[in-house]
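Take a moment with the sequence and the fold. The paragraphs below walk through them step by step.

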Amino acid sequence: RSAVQYLKRRIQKVIYTIASIVLIAGIAFICAYFSAKSSKKVETVINISLAGIENHSILEVLTIRTSEVIVDSATENIQKIDAWTEYTGQGVFTLDVANSEFLIDQARRRVIVRTPDVVLSDNFTLDYGETRELFFNNNWTNDSYKDGADLAQSQLERAYTKILDTIANNPYYYDTARSSAERIITSLIKGFNKDIKDLDVVVEVGVL
């Protein structure tokens, strides 16, 4: 009987030892699993950079070129000259990047950009090289160079005002400039972060 009890104790001791080994091995496996998972997460941490956007404080987003024909009739001007002249002007829409907001969500790999609205810049110009004289006829009694020059200056001033007004008051140009700004800013930010393939860029133009 004593031998039987001794044998039982030995068997229980062996069972406890095996259970302890299994428990320790299980704990070690779990620790190793979570450690590996944690290491994997560290490897996938990203760093979205916007450093390059600082080089674009005022961003040109759209250039518009349009033409107008200025018509003068000999019956309506003191110079008695018929003149049709085509002028071409150029306006540039810009966006103020310096006063925009950039919200970075590293976890979701997303950048939200909120900007002021696009504006027509002050450097509107007429392209004098594109000026085309379509028709010119002066009265045979009037060969004055000064009269011709005065009329040309008058047409130039009217063309400047008319083309500028056409560009500045066309809603389609503003909508096109906003769409262009979205594309350019998105392209710039993705270009700064080429290693982040699934980067999501959301641009909200005109909300500030």
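Which residue forms a salt bridge with D175? The partner is R178, and the closest N and O atoms are 2.7 Å apart. This is a predicted model. Both D175 and R178 sit in helix α3, which covers residues 171–192. They are three residues apart, about one turn of the helix. D175 has a relative accessible area of 45%, so D175 is partly exposed. R178 is also partly exposed, at 23%.

Other salt bridges share partners. Through them, E101, R114 and E204 are joined into one network. Begin with E101 and R114. Their closest N and O atoms are 2.9 Å apart, and the two form a salt bridge. This pair links distant parts of the chain, 13 residues apart. E101 belongs to strand β3, residues 101–105, while R114 belongs to strand β4, residues 110–114. The relative accessible area of E101 is 34%, which means partly exposed. For R114 the figure is 24%, and R114 is partly exposed too.

Now look at D105 and R108. Their side chains meet in a salt bridge, with 2.9 Å from N to O. How accessible is each partner, buried or exposed or in between? R108 reaches 60% relative accessibility and therefore counts as exposed. D105 has 24%, so D105 counts as partly exposed. In the whole structure, the search finds ten salt bridges.

Stay with the loop between β3 and β4 for a moment. R109 is placed there. R109 is not a glycine, yet its phi is positive, about 55°. With 25% relative accessibility, R109 counts as partly exposed.

Next come the strands. Which way do β4 and β8 run, parallel or antiparallel? They run parallel, and five bridges join them. One of the residues to find here is V111, whose bridge partner in β8 is V201. Strand β8 spans residues 200–204, and its side chains alternate along the strand. V201 and V203 point to one face, where they are buried. D200, V202 and E204 point to the other face and are not buried. E204 has already appeared above, in the network with E101 and R114.

The inside of the structure comes next. In soluble globular proteins, nonpolar side chains tend to be buried together. Here the largest nonpolar core has 33 residues. Which residues have the most contacts inside this core? They are V61, F93, L95, I167 and I189. Several elements give two or more residues to the core: β1 (58–72), β2, β4, α2, α3 and β8. Of these, α3 gives the most, with six residues. Helix α3 is also the home of the D175 and R178 pair.

Nonpolar side chains appear on the surface as well. V69, V71 and W84 form a nonpolar patch there. Together they have about 270 Å² of accessible area. W84 is found in strand β2, residues 81–96. Its relative accessibility is 42%, so W84 counts as partly exposed.

Finish with the aromatic rings. A pair of aromatic rings is described by the distance of the centres and the angle of the planes. How many aromatic pairs are there? The count comes to three. One of them joins F124 and Y160. Their ring centres are 5.0 Å apart and their planes stand at 80°, so this pair is edge-to-face. Why does the pair tie together parts that are 36 residues apart in sequence? F124 lies in the loop between β5 (119–120) and β6 (125–126), whereas Y160 lies in helix α2, residues 145–168. F124 counts as buried because its relative accessibility is 6%. Y160, at 33%, is partly exposed.

Another aromatic pair is formed by Y172 and Y173. The centres of these rings are 6.2 Å apart, with 55° between the planes, and the pair is tilted. Compare how the two residues are covered. Y172 has 57% relative accessibility and so counts as exposed. Y173 has 15%, so Y173 counts as buried.

How values were computed
Residues are numbered from 1 along each chain as its sequence is written. This is a predicted model: local features need pLDDT of at least 70, side-chain atom pairs count only at pLDDT 80 or more; totals for chains, interfaces and linings use all residues. Side-chain values use heavy atoms; hydrogens and water are left out. A salt bridge is a side-chain nitrogen of Lys or Arg within 4 Å of a carboxyl oxygen of Asp or Glu. Helices (H or I, at least four residues) and strands (E, at least two) are DSSP runs, numbered from the N terminus. Buried means under 20% relative accessible area, exposed over 50%, partly exposed in between (1.4 Å probe, protein chains only). Patches are made of residues with over 30% relative accessible area and no salt bridge: like charges are joined within 9 Å, nonpolar side chains (Val, Leu, Ile, Met, Phe, Trp, Tyr) within 5 Å. Accessible areas come from the Shrake-Rupley method with a 1.4 Å probe; for residues, only the protein chains shown count as cover. Rings of Phe, Tyr and Trp (its six-membered ring) pair if their centres lie within 6.5 Å; planes under 30 degrees apart count as stacked, over 60 as edge-to-face and the rest as tilted. Two strands pair if DSSP finds at least two bridges between them. A nonpolar core is a set of buried Ala, Val, Leu, Ile, Met, Phe, Trp, Tyr and Cys residues joined through side-chain atoms within 4.5 Å.
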